[in-house]
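Colleague: I would like to learn how to read a sheet and the surface beside it. Could you walk me through one?

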Amino acid sequence: MGCLFSELRCKEVIDLKSGLRLGYVCDAEFDPCSGRLCALIVPGPGRAGGLLGREDDYVIPWDCITRLGDDIILVELPEPPARKKRDKRPLIY
């Protein structure tokens, strides 16, 4: 059974190890020689609600995809995606 790329874009990507919701597929990388998909690309989280741009995109190798469901894609990444920690220093005026 085939799946269109437009159908992949409507599916949310979730990491099984960390439980993080990475986002929705925005692009795909494929090998033109073999015609196979190599990776799915999910946009990184926005900085300050998207006003200050975005973090780096998540590039998820095809081998890390464990299940393609009707509305989600489950992946198992080798290490959890990097998350920025908030700086807990007091503000000095």
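**Reading the sheet and its edge**

Modeller: Gladly! Let us start with L68, which lies in strand β6, residues 65–68. Keep in mind that this is a predicted model.

Colleague: Is L68 buried, partly exposed or exposed?

Modeller: Partly exposed means between 20% and 50% relative accessible area. L68 has 38%, so it counts as partly exposed. Together with F30, L37 and W62, L68 makes a nonpolar surface patch of about 360 Å².

Colleague: In which order do the strands of the open sheet run?

Modeller: The order is β2-β1-β7-β6, 4 strands with mixed pairing. An edge strand pairs on one side only, and here the edges are β2 (21–24) and β6. From one strand to the next, the twist averages 20°.

Colleague: What makes the pairing mixed, and where do I look?

Modeller: Look at β1 and its two neighbours. With β7 (residues 72–75), β1 (residues 12–15) pairs in the parallel sense over 4 bridges. With β2, β1 pairs in the antiparallel sense over 3 bridges.

Colleague: Which residues stand across from V13?

Modeller: In β7, the bridge partner of V13 is I73, while in β2 V13 stands opposite G23. The next residue to check is I14, whose bridge partner in β7 is L74.

Colleague: Which way do the side chains of β1 point?

Modeller: E12 and I14 point one way, V13 and D15 the other way, and all are buried.

Colleague: And what should I look for in the hairpin of β1 and β2?

Modeller: Check the backbone angles. The hairpin has 5 residues between the strands, and G19 takes a positive phi near 80°.

Terms used:
Residues numbered from 1 in each chain as written. Predicted model: local features only at pLDDT ≥ 70, side-chain atom pairs only at ≥ 80, totals over all residues. Heavy atoms only, no water. Patch = residues over 30% accessible without salt bridge, like charges linked within 9 Å, V, L, I, M, F, W, Y side chains within 5 Å. Areas by Shrake-Rupley, 256 points an atom, 1.4 Å probe, with all protein chains shown as cover. Salt bridge = Lys/Arg side-chain N within 4 Å of Asp/Glu carboxyl O. Buried < 20%, exposed > 50% of the residue type's maximum accessible area, 1.4 Å probe, protein only. Pairing = 2+ DSSP bridges. Axes fitted to C-alpha atoms, helices over the stretch in contact; angles between N-to-C directions.
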